[in-house]
Amino acid sequence: MNSLIQNVLFLKKWWPLRHLLFWLFIYLDEVLSFIGIIAPYEEYFSVIVSFVFDAIVVYLNLYILIPRFFKNKNFPKYLVFTVLSVVILIGGEIIMEKNYWQEEQLSLSFYIHIFVQTTVTLAAAVAAKVLKRAISEGKLRRDIEKEKLSFELQHLKKQVNPHFLFNVLNGIYIQSQTNHKAVPNTIMQLSDLLRYQIYDAEKTDEVLISKEIEFVKNYIALELMRRENTVVNTQFLINNPSTSIEPLLFIVLIENAFKYSVSQNGKEATIDISIVENEGEIEVKIDNSLGVQPAENDNEGGFGLHNLKKRLELLYPDAHTLEVDVTKEGTFSVKLEIYTNELHHN
């Protein structure tokens, strides 16, 4: 129903229907009074004459005065020519009515009726024109913003790939020196990850959270292949695997956890990763022992927390929270909540 109304209001091919509906609205009282009644010919003539002069006033204003003066913000000239056109055409209508009715003087109520109807009709037509133009311009601005948003999101998503690919290739290099028999399997895992990024993440706006979790699991496995003294504790509780989410959101936080949880002085680096989904609400909690102090706007090889925040603001403007904290115990803690059941797409 909404799309039909929008088509009638804005598509060019529907303009005859738009104009017909407008004039039926303006002359609704006369139309209803004639339904089922055989009115005298004189009454039909008066309505037709009134319609013709009203139409001249309206279309002269819409298609000549508004484009020439109003749109150029030459409001004084627009006002002067509008008043002149109304006076002249009302005068012409009065002369025709006098000649037809063959009366020297018409009643005062007749003059008031003509003036009020003509000015109200013109005001309604101009208001409809201005409102339609404002809605069209607003829709155009929203379309431009959506295009800009789509381009920016694609750019931000692509920024993940070089950093991620660098880490994995570096892991394969280390593995080839320490456990070369495992390299083929690792390459297959890398292939699966790249396939996910190319076909699922890059070519669609949303993915199933179950696929995103599988991607995260594979990434963790690859990271652990090239690291020593690193313990990762994971919890994945997904109540509805068909929940959709924007791709490649969690990986940024997990990359940072591995990057900054470098083991020191023989102590194990620990990373706790929890992703819980319940009725469209997703909670991601990541805690890691802090071996290197992270910078919020660190973009080295990736796009960091700064760009993640920007991406979340674009994708879930009123449907997410992101908290970052460094505890006294030296743990870097991140908590991300996303509410996918809220309307965050315009």
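Helices here are DSSP runs of H or I with at least four residues, strands are E runs of at least two, and both are numbered from the N terminus. With that settled, I looked up the totals: the protein comes to 11 helices and seven strands. Note to self: this is a predicted model.

**Overall numbers.** I checked burial next, and 37% of the 346 residues count as buried. The exposed surface of the protein is about 20700 Å², with carbon and sulfur atoms supplying 60% of it. For contacts with a separation of 6 or more, I found that 70% join residues 24 or more positions apart.

**Strands around β7.** I went through the pairing of β7, residues 331-339. Strand β5 (residues 281-289) pairs with β7 in the antiparallel sense, over nine bridges. To fix the register I noted that Ser 289 stands opposite Thr 331 in β7. Strand β6 (residues 320-326) also pairs with β7 in the antiparallel sense, over seven bridges. My register marker for this pair is Thr 321, which stands opposite Glu 337 in β7. So what do β6 and β7 form? They form a hairpin, and four residues sit between the two strands. Gly 330 is in that turn, with a positive phi of about 85°.

**Positive phi outside glycine.** Most residues other than glycine have a negative phi, so I wrote down the exceptions I came across. Leu 248 has a positive phi, near 60°. I located Leu 248 in the loop between β3 (244-245) and α10 (250-260). Buried or exposed, this Leu 248? Leu 248 counts as buried because its relative accessible area is 0%, under the 20% cut-off.

Glu 279 is another entry, with a positive phi near 55°. Glu 279 lies in the loop between β4 (269-278) and β5, and β5 is one of the strands I had already followed into its pairing with β7. The relative accessible area of Glu 279 is 66%, over the 50% cut-off, so Glu 279 is exposed.

**A nonpolar patch.** Last stop was the surface. Leu 108, Ile 112, Phe 115, Val 116 and Val 120 form a nonpolar patch there, with about 480 Å² of accessible area together. I looked up Val 120 and placed it in helix α6, residues 108-158. How does Val 120 rate for exposure? Val 120 is partly exposed, because its relative accessible area of 48% falls between the 20% and 50% cut-offs.

How values were computed: Residues are numbered from 1 along each chain as its sequence is written. This is a predicted model: local features need pLDDT of at least 70, side-chain atom pairs count only at pLDDT 80 or more; totals for chains, interfaces and linings use all residues. Side-chain values use heavy atoms; hydrogens and water are left out. Two strands pair if DSSP finds at least two bridges between them. Patches are made of residues with over 30% relative accessible area and no salt bridge: like charges are joined within 9 Å, nonpolar side chains (Val, Leu, Ile, Met, Phe, Trp, Tyr) within 5 Å. Accessible areas come from the Shrake-Rupley method with a 1.4 Å probe; for residues, only the protein chains shown count as cover. A salt bridge is a side-chain nitrogen of Lys or Arg within 4 Å of a carboxyl oxygen of Asp or Glu. Buried means under 20% relative accessible area, exposed over 50%, partly exposed in between (1.4 Å probe, protein chains only). Contact means heavy atoms within 4.5 Å.
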